[in-house]
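Colleague: Before I plan any reading of this chain, I would like to go through the model with you. May I see the sequence and the structure first?

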Amino acid sequence: AVDEAAQPVEQANASRLKCASGCADCCVDGLTVFAIEAEEIVKHHAAVLDEAPHPPGACAFLDDARRCRIYEHRPYVCRTQGLPLRWLEEDEETDEVFEARDICPLNLEGPPLEELPAEECWSIGPFEERLAREQTKGERVSLRALFAADDRRRLPVVK
């Protein structure tokens, strides 16, 4: 569903997106995901979870060539990284709400982000809310902790 929703944003920005296999600058260590996403990883990638995780410092699911070992079932955050992102923030001093935008530095070339129409950016918030509604608990799961789980039916939770 994420891929389908993000497709128009990807198409609108195709000329600027440089993300490719082996590009893993955004695949940082310490990522957490919704429990529903962790369940999908466990369900489809038990063999990967029996292997050693990538060494600390990058995502536990990277292989030696910096490619994702669970790409087909990668989490939401991984599916939207690289796209122009937009979200609302509140200025702590003035309480003013404003739109913020960002993109991977590798994908900066192209029209300035502030000039992009809203529909050409991925809006952070709505899809996360949908994922949160799909699970019974609002807890998040550490990707690295999936490798250490003795009983994967009881997912490790980040509190």
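**Exposure, contacts and charge**

Colleague: What relative accessibility does T32 have?
Modeller: T32 counts as partly exposed. Buried means under 20% relative accessible area, exposed means over 50%, and partly exposed lies in between (1.4 Å probe, protein chains only). T32 falls in the middle class because its relative accessibility is 22%.

Colleague: What kind of model is this?
Modeller: Residues are numbered from 1 along each chain as its sequence is written, and side-chain values use heavy atoms, with hydrogens and water left out. Local features need pLDDT of at least 70, side-chain atom pairs count only at pLDDT 80 or more, and totals for chains, interfaces and linings use all residues, as this is a predicted model.

Colleague: In which element does T32 lie, and how far is its C-alpha atom from that of P75?
Modeller: T32 has its place in strand β1; strands (E, at least two residues) and helices (H or I, at least four) are DSSP runs, numbered from the N terminus. P75 is 43 residues away from T32 along the chain. The C-alpha atoms of the two are nevertheless separated by 9.3 Å.

Colleague: What order do the helices and strands follow along the sequence?
Modeller: The secondary structure comes to 6 helices and 5 strands, and the C-alpha trace spans about 50 × 35 × 30 Å along its principal axes. Of the 159 residues in the chain, 36% are buried. Read along the sequence, the pattern is α-β-α-α-α-β-β-β-α-β-α.

Colleague: How many residues apart in sequence are R79 and D3, which meet in a salt bridge?
Modeller: A salt bridge is a side-chain nitrogen of Lys or Arg within 4 Å of a carboxyl oxygen of Asp or Glu, and the structure holds 8 of them. The side chains of R79 and D3 form one, at 2.6 Å from N to O. R79 lies in helix α4 and D3 in helix α1 (residues 2–12), so the pair ties together parts whose separation in sequence is 76 residues.

Colleague: Is R79 in this pair buried or exposed?
Modeller: The partner D3 is partly exposed, at 35% relative accessibility. D3, R74 and R79 are linked in a network of salt bridges. R79 has a relative accessible area of 14%, and therefore counts as buried.

Colleague: Which residue forms a salt bridge with R66?
Modeller: The closest N and O atoms of this pair are 3.0 Å apart, and they belong to R66 and D25. Distant parts of the chain are linked here, 41 residues apart: R66 is in the loop between α3 and α4, and D25 in the loop between α1 and β1 (32–34). R66 is partly exposed at 36%; exposed, at 53% relative accessibility, is its partner D25.

Colleague: How many residues separate R144 from D29, its salt-bridge partner?
Modeller: The side chains of R144 and D29 meet at 2.9 Å, N to O. R144 is in the loop between β5 (140–142) and α6 (145–148) and D29 in the loop between α1 and β1, so that the pair links parts of the chain at a separation of 115 residues.

Colleague: How many disulfides does the structure hold, and how far is the sulfur of C104 from that of C121?
Modeller: Counting pairs of cysteine sulfur atoms within 2.5 Å as disulfides, the structure holds 0. C27 is in none, its nearest cysteine sulfur, that of C26, being 4.4 Å away. C121 is likewise in no disulfide; the nearest cysteine sulfur, that of C104, lies at 15 Å.

Colleague: Which phi value does D95 have?
Modeller: Most residues other than glycine have a negative phi. D95, in the loop between β2 and β3, is exposed, with a relative accessible area of 52%. Although D95 is not a glycine, its phi is positive, at about 65 degrees.

Colleague: Which residues form the negative surface patch?
Modeller: Patches are made of residues with over 30% relative accessible area and no salt bridge, like charges being joined within 9 Å and nonpolar side chains (Val, Leu, Ile, Met, Phe, Trp, Tyr) within 5 Å. Asp and Glu count as negative. One member, E92, lies in the loop between β2 (85–90) and β3 (97–102) and is exposed at 77%. The patch is formed by E90, E92, E93 and D95.

Note on methods
Accessible areas come from the Shrake-Rupley method with a 1.4 Å probe; for residues, only the protein chains shown count as cover. The place of a charge is taken as NZ of Lys, CZ of Arg, CG of Asp or CD of Glu.
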